Structures are given as C-alpha cells and as structure tokens.
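Hi,

Here is the structure I promised to pass on. Have a look at it first, and then read my notes underneath.

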Amino acid sequence: MTEFKLIYWPMAGRGEYIRLMLVLAGKDWQEVNDPTEVVKLTKGGQTPGFPAYAPPVLVHNGSLTISQTPSIQEYLAGLFGMLPESAAEVAVARSLNLTMHDFILEGNLNYHMKDFHADYLDQKEYTEPFIKEFCDKRLFLFFDYFDRALKQNEGEYMFAGLTYVDVTLYHLMCVVKSDQFCDWTKITQKFPKLCQHWQRMDANEKIKQYKISEKMKYKLQGYSFM
Ligand SMILES: N[C@@H](CCC(=O)N[C@@H](CS)C(=O)NCC(=O)O)C(=O)O
C-alpha cells in the first residue's frame, strides 16, 4: 500500500504545495488526478475515514484522510520535521501560512471575477482590470508583510530551520514569477530578501531534481494563481 496518496486535479494548483513537501522529505507518493475519480472521492464521499470536501486531499496509510492544504501541510510538517520548535512558533507559523493561503485565494478570485466557476480564459477581458489592480496593489501589501516576517529572523528561513512555511512562500513566489500580470522585476527590486529566499529554495537539490523529473507532471499555468 502506498504511504501517501494525493487526490488532486491534473494541474499544479494547490497540490504543488503538498508535492514539494513530499519532495523535500524524500518521499514517494501516488496521485489520483482523473477528474471523475477526484469527484467520486471528494464530493462522492468515497475517501476512507473522515470525509473531504475539496481537493487537495491526502490519504495517509490508506486510512487517514486530510483535506485543506494548510492542514495537510501542517500534518506532513509534523511527520517530516518541518515544524518550528516551540508551540508558540508553531502557532505563528500557522498564522503566516494561512495568510499566504489568503493571498493565494484572493489572487485566484481576481481571475474569476465574473464567474467563479468558469474558466479564466472565458472571462479574460472582464477580469483583467481586477487582476492588474491585485498585482499592482494588494500583492505588494502581502509581500511587504511576508518580507517583514522573514526579517524577524536573521537566518535563511522564516524560523531557525526550514519549515513548511518556507515551502509555501517558495511556491507562492514561483506562481507570482510565472504570472503574466505580475511584475517580477519590480518585486525583486523591492524585496531582495524574499528573492534570496526564493533563490535558496530553488537551488535546493531535491527541488531541482524534481523539476526536471517526470514526477513533476504539471507545469504552472502562468495565470489564475494556480
Ligand atoms: N481552502 C481549501 C480550498 C480548496 C479548493 O478550493 N480546492 C479547489 C481546487 S484548488 C477545488 O477544486 N474546489 C472544489 C470545490 O470547492 O467544490 C484548501 O486550501 O485546500
């Protein structure tokens, strides 16, 4: 039986935050990506144990089902030694991670301002001003906060060692870097420390190998913050 099974759509999306943690921990995993299967398991209530509403969903050892990306991340972080040391820092890490997920959700919403359930490509013209506004203004407020958070610690990561929050920050920045409306050059000029963090994570050997391997099945779309 596979220790880790990830149920997610055939795309990078929120699933990538989970995949990168598995990569960094040196774990292999199985995926269910077929949309019919994904729906059957989630909305159809066919996962083992506690039901899950929306993907991504992690099934651990065939019996434990966890949904909600931040919850899955924190669970894996506990297994993989990717939590900060004290209970207080664990709570602070959760706040930071949830704020990053607020950013992801808000960014994504701007791509679907006309119809949340429709594809961005079918509402391009309508949504463009909202996306631009988000990338020019809100993004900088969030990044300013992430930057201040990173500067709390003089080291290389958000906390003393690498934690799951560093993984979220890294992939969130990959998403921004690939996004057609975000000005990466301006971001690198304004937030050099955040960019050093991104470079450090990007140079991680396990991440580098993953990115050139067949295990990385889905590339970033460059829109939709997914
Ligand atoms: N807060 C959840 C959001 C999950 C979510 O919105 N998943 C999307 C894909 S990234 C989905 O397929 N949602 C289906 C639905 O909400 O019915 C998380 O962070 O995991």
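To start with the overall layout: the C-alpha centres of domain 1 and domain 2 are 22 Å apart. Keep in mind as you read that this is a predicted model. The chain splits into domain 1, covering 4-80, and domain 2, covering 87-204. Twelve residues from domain 1 and 17 residues from domain 2 take part in the contact.

I spent most of my time on that interface. About 1,200 Å² is buried between domain 1 and domain 2, and carbon and sulfur atoms supply 69% of that area. On the domain 1 side, the residues that lose the most area to domain 2 are Y17, L24 and E74, which together make up 47% of what that side buries.

Now for the polar part. There is one salt bridge between domain 1 and domain 2, and four residue pairs are in polar contact across the two domains, counting pairs with both residues at pLDDT 80 or more. Which elements give two or more residues to the side of domain 1 that touches domain 2? These are helices α1 (15-24) and α3 (69-80). Sorted by class, that side of domain 1 has six nonpolar, three polar and three charged residues.

If you want a salt bridge to zoom in on, try R94 and E74: they form one, with their closest N and O atoms 2.6 Å apart. E74 is worth a second look, as this residue is also among the three that lose the most area on the domain 1 side.

Two more residues caught my eye. One is E16, in helix α1. Is E16 buried or exposed? With a relative accessible area of 2%, E16 counts as buried because that value is under the 20% cut-off. Leaving out residues up to four places away in sequence, E16 touches H171, Y210 and M216.

The other is N153, which sits in the loop between α5 (124-151) and α6 (164-178). N153 has a relative accessible area of 17%, which is again under 20%, so N153 is buried too. What is N153 in contact with, once its neighbours within four places in sequence are set aside? The contacts are M158, F159, A160 and K193.

That's what I have so far. Over to you!

Cheers

Conventions: Residues are numbered from 1 along each chain as its sequence is written. This is a predicted model: local features need pLDDT of at least 70, side-chain atom pairs count only at pLDDT 80 or more; totals for chains, interfaces and linings use all residues. Side-chain values use heavy atoms; hydrogens and water are left out. Helices (H or I, at least four residues) and strands (E, at least two) are DSSP runs, numbered from the N terminus. Buried means under 20% relative accessible area, exposed over 50%, partly exposed in between (1.4 Å probe, protein chains only). Contact means heavy atoms within 4.5 Å. Domain bounds come from an automatic or database domain assignment. Buried area is the accessible area (1.4 Å probe) that two parts lose on being put together, summed over both. A salt bridge is a side-chain nitrogen of Lys or Arg within 4 Å of a carboxyl oxygen of Asp or Glu. A polar contact is a pair of N or O atoms within 3.5 Å; within protein, one must be able to donate a hydrogen and the other to accept it, and residues adjacent in sequence count only if both atoms are side-chain atoms. Ala, Val, Leu, Ile, Met, Phe, Trp, Tyr, Cys and Pro count as nonpolar, Asp, Glu, Lys and Arg as charged, and the others, Gly among them, as polar.
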